[in-house]
Amino acid sequence: MKPITAAGVGLRFIFALLLVLATYNPSGYSYYHWLYANWSALTPYIALAGLILLIGWVIYLRATLRSLGFIGLVLAGAFLACLVWLLVYWGWVKLDKAGPITWISEVLVAVLLAVGMSWSHIRRAMSGQVDMDDVDEN
């Protein structure tokens with residue numbers, strides 16, 4: 001297994017962010033909005049895009065669950081939720097408008113997915129422990 005790099009983690013984050021924002025974002029340009037506007041006249045393009053997004057979500061969520069485990073995922077999610085709470089507590093983010101909190105939450109979901117995709121590499125670099133999926137078959 002190759003060592004993890006900042007570029008590798010960054011790439012995982014960019015793809016996770018694209019996946020999250022393509023699925024839903026408050027700007028009005030997302031798969032959710034496209035599907036909602038065309039619900040009565042679905043096309044193969046909408047179905048194909050939905051399947052591509054679903055495949056992306058399954059890949060990211062499966063890898064995240066396998067590397068972090070359920071408890072790790074809950075702890076990481078709780079940590080990120082506390083960060084949002086802290087931003088609200090400090091007054092940097094107001095809860096009277098949904099837009100800013102939604103954008104922040106979506107970026108943090110992408111962070112969680114990117115950490116999940118990278119965690120096996122990071123754990124191996126820090127501790128030398130190898131996941132069973134990482135063992136070479138030589």
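**A kinked helix, two cores and a tyrosine cluster**

Right after helix α3 comes G91, and its phi is positive, near 85°. The helix that ends ahead of this glycine makes a good place to start. The model is a predicted one, so a word on confidence comes before the details. The protein chain has an average pLDDT of 87, and 85% of its residues reach at least 70. Confidence peaks in α2, with a mean of 95, and bottoms out in α4, with a mean of 84.

Back to α3, which covers residues 44–89. If its 46 residues formed a straight helix, they would span 68 Å at 1.5 Å a residue, yet the end C-alpha atoms of α3 are only 45 Å apart. The helix also has a kink of about 95°, and this kink is centred on G69. A fair number of α3 positions are buried, among them I46, G50, L53, G56 and Y60. The buried set also includes T64, S67, L68, L80 and V84.

T64 is worth a closer look. This α3 residue has a relative accessibility of 1%, so it counts as buried. Leaving out residues up to four places away in sequence, T64 touches G69, the residue at the centre of the kink. Its other contacts on that count are L73, L112, L113, G116 and M117.

One of those partners, L113, leads into the packing of the nonpolar side chains. The largest nonpolar core has 9 residues, and L113 is one of them. The other members are A16, L19, V20, Y31, I46, L53, Y60 and A110. Helices α1 (6–23), α3 and α4 each put at least two residues into this core. With residues up to four places away in sequence set aside, L113 is in touch with A16, V20 and Y60, and also with W57, L61 and T64. Another core, of 7 residues, lies apart from the largest one; L68, L80, L108 and L112 are among its members.

Helix α4 runs over residues 98–127 and includes S118. With a relative accessibility of 0%, S118 counts as buried. Its contacts, neighbours within four places in sequence aside, are I4, V9 and R12.

The aromatic side chains give a further set of features. Searching the whole structure turns up 4 aromatic pairs. In one of them, Y24 and Y32 meet edge-to-face, with 5.4 Å from centre to centre and 75° between the planes. Y32 also pairs with Y36, and here the ring centres are 6.2 Å apart and the planes sit at 15°, which makes the pair stacked. Y32 and Y36 both belong to helix α2 (residues 31–37), where they are 4 residues apart, or about one helical turn. That fits the general geometry: with 3.6 residues a turn in an α-helix, residues three or four places apart point the same way. Taken together, Y24, Y32 and Y36 make one aromatic cluster.

How buried or exposed are these tyrosines? Y24 has a relative accessibility of 32% and counts as partly exposed. Y32 is partly exposed as well, at 44%. Y36, at 64%, counts as exposed.

Key. Residues numbered from 1 in each chain as written. Predicted model: local features only at pLDDT ≥ 70, side-chain atom pairs only at ≥ 80, totals over all residues. Heavy atoms only, no water. Phe/Tyr/Trp six-rings, centres within 6.5 Å; stacked < 30°, edge-to-face > 60°. Buried < 20%, exposed > 50% of the residue type's maximum accessible area, 1.4 Å probe, protein only. Expected span 1.5 Å × (residues − 1). Bend = angle between axes of the 7 residues up to and from the residue. Contact = heavy atoms within 4.5 Å. Core = buried A, V, L, I, M, F, W, Y, C linked by side-chain atoms within 4.5 Å. pLDDT = per-residue confidence, 0-100.
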